[in-house]
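Let's walk through this structure together, starting with a helix and ending in the core. Keep the 3D view open as you read.

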Amino acid sequence: MNPIYFAYAQAVAKIGGAIRETANKYGEISSCKPETIDDIRAMKEGYQQLLKEFKSQKAELNSITAPGIVENEHAQLVNILSEYIQAIQSLINSLDIDNVKADTTMFEGGLEKQRLASAKIVAITKVMAEKLSK
């Protein structure tokens, strides 16, 4: 593999590992069913922390200069990560602590947006890996 491609792939893989760790925490929080105001508050606080982590990871990914061969895919990956972040923002917005409720429609919509963004991330990273390995 070209040394420039290799260095780029390593940098993206490092960020990808951090994103996976944050996504695992996200999965743990999402598996909880809020039943009390304290549950809703804890879930919202957890999502807010994860949102900060994902935004930081997106900024780090965005700061990497992609080789020309995957420049478009890199831009797509950053945009898809933005979609993922927006989905988490929807989840946060669905948890209304002031009125002691969760908007389940908004919450489920956020989960679906997150699932779609995850699938897009997997697809685009496969394309990038194929291009970089040539």
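The expected span of a helix is 1.5 Å times one less than its number of residues. Helices here are DSSP runs (H or I, at least four residues), numbered from the N terminus. At 1.5 Å a residue, the 27 residues of H2 should cover 39 Å, and the end C-alpha atoms of H2 are indeed 39 Å apart, so the two values agree.

A word on the source: this is a predicted model, in which local features need pLDDT of at least 70, side-chain atom pairs count only at pLDDT 80 or more, and totals for chains, interfaces and linings use all residues. Residues are numbered from 1 along each chain as its sequence is written, and side-chain values use heavy atoms, with hydrogens and water left out.

Now look at the loop between helix H1 (3-30) and helix H2 (37-63), where you will find proline 34. Its relative accessibility is 29%, so proline 34 counts as partly exposed (buried means under 20% relative accessible area, exposed over 50%, partly exposed in between, with a 1.4 Å probe and protein chains only). Leaving aside residues up to four places away in sequence, proline 34 touches Asp39, Ile40 and Met43 (contact means heavy atoms within 4.5 Å). Ile40 and Met43 are among the buried residues of H2, as are Tyr47, Leu51 and Phe54.

Isoleucine 88 touches Tyr47, Leu51 and Phe54, along with Tyr26, again not counting residues up to four places away in sequence.

Technical notes. Helix = DSSP H or I, 4+ residues; strand = E, 2+ residues; numbered from the N terminus.
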